[in-house]
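Hi everyone, thanks for making time. I'll talk you through one structure today, so please have it up on your screens.

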Amino acid sequence: MSASGRIPARRQKHQPEEGQLLIDYFYFGRSHKILLLLHGRSHYQVSIPVGDDEEDLVRSFGQIVKELGLTGKPVTVRSDNESGLLALVERISKNPSFPGSSIHFDPAPVGRPQSKGMLERAVQTARCSFYCVWLELEQWVYPDGNQRLPLGGVLFTMALLYSSRCINMYRTRKLDQST
């Protein structure tokens with residue numbers, strides 16, 4: 001009880017809906033654009049390199065929705081109100097092979113950075129994890145340490161996917177008894 005004799009209001013814990021996906025773009029250098037997709041409930045994250053072929057990105061998005069078990073369920077995509085992300089969601093919604101029953105775009109409120117704080121933290125984790133993998137590859141390819149691996153190519157894509165899978169493999173919730 002407070003000094004005025006009233007019981008303070010309790011915060012309700014927000015449980016994200018099953019089909020909530022958070023997406024955002026981030027960059028490595030100036031030329032490597034990456035789409036980060038984060039499942040709101042399970043915190044499963046995937047990093048997809050964005051190339052010139054937009055159909056490949058739409059197919060990859062659909063494949064991830066299938067992996068998450070959202071086939072036949074409504075999907076809500078939450079992101080900042082970026083025109084590129086809005087256009088991506090529109091292309092996905094027009095794709096006849098999209099596995100979900102429907103897709104909705106839920107823009108994050110302007111001036112409320114805490115509404116997508118989990119996503120921004122996931123971007124930092126993905127970036128740090130990728131650089132750890134990339135530095136390990138550089139040391140393996142160039143043991144003398146005199147040269148650097150250029151970003152890009154198949155090795156870049158595989159290192160990005162590998163770092164995302166490593167993040168998902170070791171992610172556990174608080175008080176979870178799994179190892």
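Let's start at Ser-163, whose side chain reaches the backbone oxygen of Leu-160 at 2.9 Å. Keep in mind as we go that this is a predicted model. Ser-163 sits in helix α4. Is Ser-163 buried or exposed? With a relative accessible area of 1%, Ser-163 is buried. And which residues does Ser-163 contact, once we set aside its neighbours within four places in sequence? Those are Ser-129, Phe-130 and Val-133.

Okay, staying on that helix for a moment. Helix α4 covers residues 153-169, and Met-158 is part of it too. Met-158 is a partly exposed residue, at 47% relative accessible area. Together with Val-154 and Leu-161, Met-158 makes a nonpolar surface patch of about 280 Å². So on helix α4 you can find buried Ser-163 and also partly exposed Met-158.

Next, let's go over to a strand. Ser-47 belongs to strand β3, which spans residues 45-50. Ser-47 counts as buried, at 1% relative accessibility. What does its side chain pair up with? The side chain of Ser-47 makes a polar contact of 3.2 Å with the side chain of Ser-164. There's a longer list of residues touching Ser-47, again without its neighbours within four places in sequence. That list has Phe-26, Ile-34, Leu-35 and Leu-36, then Ala-126, and finally Leu-160, Leu-161 and Ser-164. You've heard two of those names already: Leu-160 offers the backbone oxygen that the Ser-163 side chain reaches, and Leu-161 is part of the nonpolar patch.

Now for Arg-91, which you'll find in helix α2, residues 83-94. Arg-91 is partly exposed, with 27% relative accessibility. Which residues does Arg-91 touch, if we don't count those up to four places away in sequence? The answer is Glu-54 and Val-58. With Glu-54 there's a polar contact between the two side chains, at 3.3 Å. Have a look at Glu-55 as well: Arg-91 and Glu-55 are 36 residues apart along the chain, and their C-alpha atoms are separated by 8.8 Å.

On to the cysteines. How many disulfides does a search of the whole structure find? Zero. As a reminder, a disulfide is a covalent bond that links the sulfur atoms of two cysteines. Take Cys-132: the closest cysteine sulfur belongs to Cys-128, and it is 4.5 Å away, so that's too far for a bond. The cut-off here is 2.5 Å between the sulfur atoms. Cys-132 is partly exposed, by the way, with a relative accessible area of 49%.

Let me finish by zooming out to the whole chain. The chain has four helices and five strands. Reading from the N terminus, the order is β-β-β-α-β-α-β-α-α. What share of the 179 residues counts as buried? That comes to 38%. The chain exposes about 11700 Å², and 53% of that is supplied by carbon and sulfur atoms. One last number, on contacts with a separation of 6 or more: residues 24 or more positions apart account for 64% of them.

That's my tour, thanks for listening.

Note on methods. Residues are numbered from 1 along each chain as its sequence is written. This is a predicted model: local features need pLDDT of at least 70, side-chain atom pairs count only at pLDDT 80 or more; totals for chains, interfaces and linings use all residues. Side-chain values use heavy atoms; hydrogens and water are left out. Patches are made of residues with over 30% relative accessible area and no salt bridge: like charges are joined within 9 Å, nonpolar side chains (Val, Leu, Ile, Met, Phe, Trp, Tyr) within 5 Å. Accessible areas come from the Shrake-Rupley method with a 1.4 Å probe; for residues, only the protein chains shown count as cover. A salt bridge is a side-chain nitrogen of Lys or Arg within 4 Å of a carboxyl oxygen of Asp or Glu. Helices (H or I, at least four residues) and strands (E, at least two) are DSSP runs, numbered from the N terminus. Buried means under 20% relative accessible area, exposed over 50%, partly exposed in between (1.4 Å probe, protein chains only). A polar contact is a pair of N or O atoms within 3.5 Å; within protein, one must be able to donate a hydrogen and the other to accept it, and residues adjacent in sequence count only if both atoms are side-chain atoms. Contact means heavy atoms within 4.5 Å.
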